[in-house]
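Subject: The structure I promised you

Hi,

Here is the structure we talked about, with my notes underneath. Have it open on your screen while you read, and follow along at your own pace.

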Amino acid sequence: MSEERFGEFVLVRRHEQGHVAELVLDRPMAMNAVSTEMARCVAGACAALGEDRDVRVVVLTSTHERAFCVGADLKERNSFSDAELLRQRPVTRGAYTGVLELPVPTVAAVHGFALGGGFELALACDVIVADRTAVVGLPEVSVGVIPGGGGTQLLPRRVGAARAAELIFSARRVEALEAGELGLVDQVVEAGRDREEALALAARIAGNSPVGLRAAKRALRLGQGLDLRAGLEVEDAAWRAVAFSGDRAEGVAAFNEKRRPEWPGE
C-alpha cells in the first residue's frame with residue numbers, strides 16, 4: 001500500500017491489490033471539520049483520483065475515532081467577514097463536488113458524528129456503510145443557514161422529498177439503526193467495522209470491469225431526475241460506450257472459458 005498526502009488534512013492510500021483507493025479525512029484535532037484548507041485538500045485529492053485510471057473504487061474514511069466529519073468549521077467561519085465568506089464558497093463547493101463527480105464508484109465508511117457537511121460528503125458517495133456508533137444529520141437551519149454541500153438535493157434522492165424535508169427542517173440527529181431503516185445509510189455494521197466492511201465491499205466492486213463501472217456510474221448519475229424515456233437514452237449511450245470495448249470482449253471470453261477476467265481497462 002502506498003500513501004500520498006494532499007496538503008495537511010487529507011491522505012490518499014492506494015491499496016496495491018484490488019485497485020482500491022482510500023481518501024482519508026485527517027484533521028483529528030478538529031474532528032475533521034471542513035475548513036477552507038481542508039476543502040482544498042479534499043478537492044485536490046479528488047482531482048488526482050479522478051485522473052488515475054488504475055483506481056476503480058474510492059473509499060472515504062476518517063482517522064478520528066469518534067467522528068467521520070462534523071461539518072463546516074464554524075470557528076473559522078465565525079471570524080469571516082461577509083466578503084470572506086463569499087470568497088470561501090467556491091472553495092468549499094469544490095470539496096463536495098469533487099467527491100460527487102468522481103468517475104468511479106465511491107463508498108463512505110462512517111462512524112461517530114457525520115453532521116452537516118460531514119454527512120453531505122457521505123451523501124456524495126454512491127454507498128454509505130455506517131457502524132452502530134454513527135450519528136448523521138443535516139442541522140444547518142439550527143445555525144441560520146441551509147445544507148450547502150448538496151444536502152437539499154442528495155437527501156431527497158435517497159429518502160424522498162417529504163422525509164428529507166422533515167429531517168432538514170427539524171435539524172435532528174439520527175442514530176445508526178434508525179438511519180439504516182430510513183435509508184440515510186445503506187449498511188449498518190458492528191461498531192468499529194465500518195472501514196473494514198467498506199473496503200471489503202470496494203474490493204468486490206473493483207473485481208469488475210473498470211470500463212463497465214465508470215459507464216454504469218455515469219448512467220446512474222446522469223439518469224437521475226430524468227423521465228424514463230430520457231433515462232433509457234442515457235443508458236443506451238453508456239451501453240454503446242462499453243459494447244465494443246476491450247473489457248467487454250475479455251469479459252465474454254472469460255465467462256465462456258470459465259476463468260477470471262483480466263481486464264484491459266479500455
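Let's begin in a strand: Ala109 stands opposite Val129 in β8. Ala109 belongs to β6, and β6 pairs with strand β8 (residues 127-131) in the parallel sense, over four bridges. Before we go on, keep in mind that this is a predicted model.

β6 has another partner too. Strand β4 (residues 57-62) pairs with β6, again in the parallel sense, over three bridges. If you want a spot to look at there, find Val59, which stands opposite Val107 in β6.

So how well covered is β6, which runs over residues 106-110? Mostly covered: five of its five residues are buried. You can check this face by face. Thr106, Ala108 and Val110 sit on one side, Val107 and Ala109 on the other, and all of them are buried.

Now for a sheet. Four strands make an open sheet with mixed pairing, and their order is β5-β7-β9-β10. Which strands are at the edges? They are β5 (67-69) and β10 (174-175), each of which pairs on one side only. Elsewhere in that order, strand β7 (residues 113-115) pairs with strand β9 (residues 135-137) in the parallel sense over three bridges. Look for Phe113 here, as it stands opposite Val135 in β9.

On to the helices, where I have two pairs for you.

The first pair is helix α1 (residues 36-51) with helix α3 (residues 82-100). Their axes come within 8 Å and cross at roughly 40°. That angle makes α1 oblique to α3. The crossing of α1 past α3 is left-handed. Which residues meet there? From α1 you have Thr36, Ala39, Arg40, Val42, Ala43 and Cys46, and they meet Gln88, Val91, Thr92, Gly94, Ala95, Gly98 and Val99 of α3. Sorted by class, this contact of α1 with α3 has seven nonpolar residues, five polar ones and one charged one.

The other pair is helix α5 (residues 151-159) and helix α6 (residues 161-170), which pack at an angle of about 130° with their axes 7 Å apart. α5 is therefore oblique to α6. The crossing of α5 and α6 is right-handed. On the α5 side, the contact is made by Gly151, Thr152, Leu155, Pro156 and Val159. On the α6 side, Ala161, Arg163, Ala164, Leu167 and Ile168 do the job. By class, you will find seven nonpolar, two polar and one charged residues in the contact of α5 with α6.

Last stop: Glu266, in the segment after α11 (246-257). Is Glu266 buried or exposed? It is exposed, because its relative accessible area is 62% and anything over 50% counts as exposed. What does Glu266 touch, once you leave aside its neighbours within four places in sequence? Its contacts are Val211, Ser245, Gly246 and Asp247. For a sense of distance, compare its position with Gly137: the two are 129 residues apart along the chain, and their C-alpha atoms are separated by 40 Å.

That's the tour. Try finding each of these places yourself, and write back if you get stuck.

Cheers

Definitions and conventions: Residues numbered from 1 in each chain as written. Predicted model: local features only at pLDDT ≥ 70, side-chain atom pairs only at ≥ 80, totals over all residues. Heavy atoms only, no water. Axes fitted to C-alpha atoms, helices over the stretch in contact; angles between N-to-C directions. Parallel < 35°, antiparallel > 145°, perpendicular 65-115°, else oblique. Left-handed = near helix turned anticlockwise from the far one by under 90°. Contact = heavy atoms within 4.5 Å. Nonpolar A, V, L, I, M, F, W, Y, C, P; charged D, E, K, R; others polar. Buried < 20%, exposed > 50% of the residue type's maximum accessible area, 1.4 Å probe, protein only. Pairing = 2+ DSSP bridges.
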